[in-house]
Amino acid sequence: MIPKHIAFIMDGNGRWASSRGLPRTEGYKHGLEALMRVIKRLDERGVEAVSAFAFSTENSARPQAEIDAIFEQVKKFNRTYSGPLRVTYMGDIDALDAEVAQSVEEVERRTADSSGTLLNIALNYGARSDIIHAAKIAADSGLFSEEKFEESLSGAGLPKLDMIVRTGGEKRLSNFMLYEAAYAELLFLDKLWPDMTEDDADAVLEEFSRRVRKFGR
Ligand code: IPE
Ligand code: IPE
Ligand code: MG
């Protein structure tokens, strides 16, 4: 079985760079290249959607130079990407620098009719505030239903999340897609994100196909 929707917590970019004597910011450049390698293979294999955690709300506590370097990569990607993917974003984009927000709009518009895998980038995203936001919309609607709540989450409209993969060795979700994680398969890899290859993407699919999903039954 090929999963319909895989989410990646792309961790280990800073360590990848530091271990090579490079500034941490170099890690983000190579991290973006790794994302392109991985998603190219997943697109070839027919995965419908890939969510990728690029920047958490908590990451805004990092040094400004590092934050700037991350958003430089994001802007560069948004302004130059041309390929088969459809690109969308989730997270509090409006709170970001106007140039970043504009580049997000640009790439979403430019790729809106693409037929390839949907690349859903989580930027300035935190699952808890996403859940609270959706709950508020559902409550304000006057009739709090699970359906109304779920359609107000920022990942609504994506296929159900099948698997979460975290690279970099840490075994935690760090406030990523907590509601959607309910029955997702979890895979933790020691590999640092910039080291991920096309073959690693295939290994993720293989691992998924070995999992026996029960959904409580
Ligand atoms: C994760 O990589 C990506 C972002 C936070 C943007 P890190 O920057 O956390 O890399 P490590 O975990 O410090 O190596
Ligand atoms: C999670 O990685 C966020 C992203 C990959 C964007 P972090 O490096 O921020 O997570 P913690 O701090 O180790 O939990
Ligand atoms: Mg990290």
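Mentor: In this predicted model, helices are DSSP runs of H or I with at least four residues, numbered from the N terminus. Helix α5 covers residues 127–140, and A127 lies in it.

Trainee: Why is A127 called buried?

Mentor: Buried means a relative accessible area under 20%. A127 has a relative accessible area of 1%, and therefore A127 is buried.

Trainee: Which residues does A127 touch, not counting residues up to four places away in sequence?

Mentor: A127 touches N175, F176, M177 and L178. In addition, the C-alpha atoms of A127 and L173 are 9.8 Å apart, although 46 residues separate the two along the chain.

Trainee: What makes α2 oblique to α7?

Mentor: Helix α2 (residues 24–45) packs against helix α7 (residues 198–210) at an angle of about 50°, and their axes are 8 Å apart. Angles under 35 degrees count as roughly parallel and those from 65 to 115 as roughly perpendicular. The angle of about 50° fits neither class, so α2 is oblique to α7. The crossing of α2 past α7 is right-handed.

Trainee: Which residues of α2 and α7 meet?

Mentor: From α2, R37, V38, R41, L42 and R45 meet E198, D199, A201, D202 and L205 of α7. This contact has four nonpolar, six charged and no polar residues.

Trainee: What makes β3 an edge strand?

Mentor: The open sheet has six strands in the order β3-β4-β2-β1-β5-β6, with parallel pairing. β3 (86–90) pairs on one side only, as does the other edge strand, β6 (185–188).

Trainee: How do you know that β3 and β4 pair?

Mentor: Pairing requires at least two bridges. β3 and β4 (residues 118–125) have five bridges, so they pair, in the parallel sense. R86 has L118 in β4 as its bridge partner.

Methods:
Residues are numbered from 1 along each chain as its sequence is written. Chains are lettered from A and ligands numbered from 1 in the order in which they are written. This is a predicted model: local features need pLDDT of at least 70, side-chain atom pairs count only at pLDDT 80 or more; totals for chains, interfaces and linings use all residues. Side-chain values use heavy atoms; hydrogens and water are left out. Helices (H or I, at least four residues) and strands (E, at least two) are DSSP runs, numbered from the N terminus. Buried means under 20% relative accessible area, exposed over 50%, partly exposed in between (1.4 Å probe, protein chains only). Contact means heavy atoms within 4.5 Å. Axes are lines fitted to C-alpha atoms, for helices over the stretch in contact, and angles run from 0 to 180 degrees between N-to-C directions. Angles under 35 degrees count as roughly parallel, over 145 as roughly antiparallel, 65 to 115 as roughly perpendicular and the rest as oblique. A crossing is left-handed if the near helix is turned anticlockwise from the far one by less than a right angle, and right-handed if clockwise. Ala, Val, Leu, Ile, Met, Phe, Trp, Tyr, Cys and Pro count as nonpolar, Asp, Glu, Lys and Arg as charged, and the others, Gly among them, as polar.
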